[in-house]
Amino acid sequence: MSTPAPVRLVSLDVGYTLGEPSGTTLTQRLVELSPLPARQAKKVAQQILHALDPRSDAPAPQTVCAALRIAPSAFPQDHCPPGFALWPGAVEAVARIARVVPVVTLSNVSHWDE
């Protein structure tokens with residue numbers, strides 16, 4: 001029997017692992033606007049939004065609206081990123097893990113909500 005490789009690093013997702021947004025994300029708003037089934041609309045929105053940077057990709061809203069079958073004029077230009085509320089104990093839990101092995105956190109949040 002082989003010995004397992006030592007753990008060199010722990011990677012933690014952020015959203016719904018360490019906490020949750022304290023408001024509505026852009027993805028959630030777009031899913032509500034789309035005529036696509038919610039699960040499909042969420043997947044499409046995440047695949048497109050999370051890869052685009054609104055500071056350098058001007059047609060990004062039109063791209064995501066087309067994919068979600070939303071009129072470009074309906075894109076929530078007034079969107080303000082929600083805050084992020086850490087769950088009780090999240091900081092302490094990550095600190096305890098970090099005393100044993102390096103920890104990184106990852107988030108797949110869109111640039112609009114970062």
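This passage walks through the core, the cysteines, two loop residues and a surface patch of a predicted model.

To start on the inside, the largest nonpolar core has 17 residues. Among these, Leu26, Leu30, Leu49, Val64, Leu68, Phe75 and Trp112 touch the most other members. Three helices feed into this core: α1, α2 (residues 38-49) and α3 (residues 60-68) each put in at least two residues. The top contributor is α2, which gives five. That fits a familiar pattern, as nonpolar side chains tend to be buried together in soluble globular proteins.

Leucine 68 is a handy core member to zoom in on. Setting aside its neighbours within four places in sequence, leucine 68 is in contact with Leu30, Ser34, Pro35, Leu36, Ala41, Val44 and Ala45. One of these partners, Leu30, is also on the list of core residues that touch the most other members.

Next come the cysteines. There are zero disulfides in the structure. Cysteine 65 is unpaired, and the nearest cysteine sulfur, belonging to cysteine 80, sits 17 Å away. A disulfide needs two sulfur atoms within 2.5 Å, so at 17 Å the sulfurs of cysteine 80 and cysteine 65 are too far apart for a bond. Their surroundings are worth a look too: cysteine 65 is buried, at just 1% relative accessible area, whereas cysteine 80 counts as exposed, at 57%.

Two loop residues are also worth a stop. Threonine 25 is in the loop between β2 (residues 19-21) and α1 (residues 26-33). With a relative accessible area of 14%, threonine 25 counts as buried, because the cut-off for buried is under 20%. Not counting residues up to four places away in sequence, threonine 25 touches His79, Pro82 and Asp113.

Proline 88, for its part, is found in the loop between β3 (residues 84-86) and α4 (residues 90-98). Proline 88 is exposed, with a relative accessible area of 82%. Along the chain, proline 88 and glycine 19 are 69 residues apart, yet their C-alpha atoms are separated by 8.4 Å.

Finally, there is a nonpolar patch out on the surface. Leu9, Val104 and Leu106 make up this patch, which covers about 250 Å². Valine 104 belongs to strand β4 (residues 103-106). At 34% relative accessible area, valine 104 is partly exposed, because that label covers the range between the 20% limit for buried and the 50% limit for exposed.

How values were computed
Residues are numbered from 1 along each chain as its sequence is written. This is a predicted model: local features need pLDDT of at least 70, side-chain atom pairs count only at pLDDT 80 or more; totals for chains, interfaces and linings use all residues. Side-chain values use heavy atoms; hydrogens and water are left out. Patches are made of residues with over 30% relative accessible area and no salt bridge: like charges are joined within 9 Å, nonpolar side chains (Val, Leu, Ile, Met, Phe, Trp, Tyr) within 5 Å. Accessible areas come from the Shrake-Rupley method with a 1.4 Å probe; for residues, only the protein chains shown count as cover. A salt bridge is a side-chain nitrogen of Lys or Arg within 4 Å of a carboxyl oxygen of Asp or Glu. Helices (H or I, at least four residues) and strands (E, at least two) are DSSP runs, numbered from the N terminus. Buried means under 20% relative accessible area, exposed over 50%, partly exposed in between (1.4 Å probe, protein chains only). Contact means heavy atoms within 4.5 Å. A nonpolar core is a set of buried Ala, Val, Leu, Ile, Met, Phe, Trp, Tyr and Cys residues joined through side-chain atoms within 4.5 Å.
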